[in-house]
Amino acid sequence: MEKIVLDKIDSFDLKHIFDCGQCFRWNNEIDGSYTGIVYQYVINIKNTEKNKVEVKFYANENITQKDMLEFCSKYFDLERDYKKIKQELSVIDENMKKSIDYGDGIRILNQDLWETVISYIISANNNIPRIKGIIEKLSKNFGNKIEVEGKEYYTFPTPYQLSKATVSDLRQLGLGFRDIRVYETTQIFLNNKIEIENLGMKTTKKLKEILISLPGVGPKVADCILLFSYLKRTEVFPVDVWIRRVINDLYLKCEDENKINNKDIEKLANEKFGYLAGIAQQYLYYWKRDQR
DNA sequence: AAACAGGAACCAC
DNA sequence: GTGGTTCCTGTT
């Protein structure tokens, strides 16, 4: 185990970060810390005092202080000035201000593209506990084992590892109708049919087209991938049932929620929040989901 | 036991 | 390009 302490951090609340619907492999521990599996690491993160967190890395290989710092800086989006973003968003209206106050420690993680693609294909027509369960099973069956203090954790499978799963294997693990979509998209990644290297250079519109060409990826899943992976496109606004509800309640006020066109939501988000739409989405989503 | 929750694909139009 | 229906599993 290697450990690093991050101090003088602001806008950083573990519950807000891991509970705002952007990730599936972080779990709350009894001591209030969170444990997650990220790339080849098992990571435990604990808020030890105000503006200070302790991050422990467990892996089958060693990691230096420098690597851990770089990793945290990137993964936890430490270079982004959330204070400034929150100020900008807060002045838009009272709703936005209220939801920011509620989830003021949210940060958008920069997650692995491949893992995010598969995870959000699985998320289609699905709920968070079940998505988490399926991803655990995929990892346990096809990922690498990491042992930490007598407990076993499994990394998310690589495209090669997941390609060992047949469609019926996937069906048995509970993927349902998503089995074929995961299988086919895995084949595309395995055979490098998607040019990962230059993705960062492309426009968001072009990237979204590429993502939607993958089986199981539609507009909403593509937006999630664009926002939650290291592609970091904050101007997208993923619209799921919760966002549809919150946008209708706060702004559109249409009597029948089903009558709303996603284009109207997109237009509103774009006009109101601009390039910060994705981050605004996170505050609104976190706030609305906790209203249940 | 039957209804419900949740996005993409597919087929009409 | 839009609208309606179906896909699957777990929960209530």
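Visitor: How far does a polar side-chain atom of arginine 181 lie from a sugar or linking oxygen of DNA strand B?

Guide: Good place to start! This is a predicted model, and in it that distance is 3.4 Å. A pair of N or O atoms is read as a polar contact when the two lie within 3.5 Å.

Visitor: Which atoms of glycine 216 and lysine 220 lie by a phosphate oxygen of DNA strand B?

Guide: Here, look at the backbone. A backbone N or O atom of glycine 216 is 2.5 Å from a phosphate oxygen of strand B. For lysine 220, a polar backbone atom lies 3.5 Å from a phosphate oxygen of that strand.

Visitor: Which residues come nearest to DNA strand B?

Guide: There are 19 residues around strand B, and the nearest are Asn125, Gly216, Val221, Asp240 and Arg245. Of the strand B atoms that come within 4 Å of the protein, 57% belong to sugar and phosphate. You can also sort the surface by residue class: near strand B there are 9 nonpolar, 4 polar and 6 charged residues. Helices α11 and α12 each supply at least two residues of this surface.

Visitor: What surrounds DNA strand C?

Guide: Look for Asn125, Arg130, Arg171, Gly174, Gly176, Phe177 and Lys263. By class, that surface has 1 nonpolar, 3 polar and 3 charged residues. Sugar or phosphate holds 76% of the strand C atoms within 4 Å of the protein, while the rest belong to bases.

Visitor: Which oxygens of DNA strand C do the side chains of arginine 130, arginine 171 and lysine 263 lie by?

Guide: Let's take them in turn. Arginine 130 has a polar side-chain atom 3.4 Å from a sugar or linking oxygen of strand C. An N or O atom in the side chain of arginine 171 is 3.1 Å from a phosphate oxygen. For lysine 263, a polar side-chain atom is 3.2 Å from a phosphate oxygen of strand C.

Visitor: Now for pockets. What volume does the largest pocket have?

Guide: The general idea is that rolling a probe the size of a water molecule over the atoms shows where empty space is left. In this structure, the largest pocket has a volume of about 690 Å³. It is lined by 33 residues, and Lys220, Cys224, Val239, Asp240 and Val241 are the closest to its centre.

Visitor: Which element gives the most to that lining?

Guide: That is α11, with 6 residues. Elements giving two or more residues include α6 (128–142), α12 (241–252) and α13 (262–273). The lining divides into 17 nonpolar, 8 polar and 8 charged residues.

Key
Residues are numbered from 1 along each chain as its sequence is written. Chains are lettered from A and ligands numbered from 1 in the order in which they are written. This is a predicted model: local features need pLDDT of at least 70, side-chain atom pairs count only at pLDDT 80 or more; totals for chains, interfaces and linings use all residues. Side-chain values use heavy atoms; hydrogens and water are left out. On a 1 Å grid over the protein atoms alone, a cavity is a set of points where a 1.4 Å probe fits but cannot get out, and a pocket is an open set with protein on both sides within 12 Å along at least five of seven lines; lining residues have an atom within 4 Å of a point. Grid points are joined across faces, edges and corners, and a volume is the space filled by probe spheres set on the points. Helices (H or I, at least four residues) and strands (E, at least two) are DSSP runs, numbered from the N terminus. Ala, Val, Leu, Ile, Met, Phe, Trp, Tyr, Cys and Pro count as nonpolar, Asp, Glu, Lys and Arg as charged, and the others, Gly among them, as polar. A residue is near a molecule or strand if one of its heavy atoms lies within 4 Å of it. A polar contact is a pair of N or O atoms within 3.5 Å; within protein, one must be able to donate a hydrogen and the other to accept it, and residues adjacent in sequence count only if both atoms are side-chain atoms.
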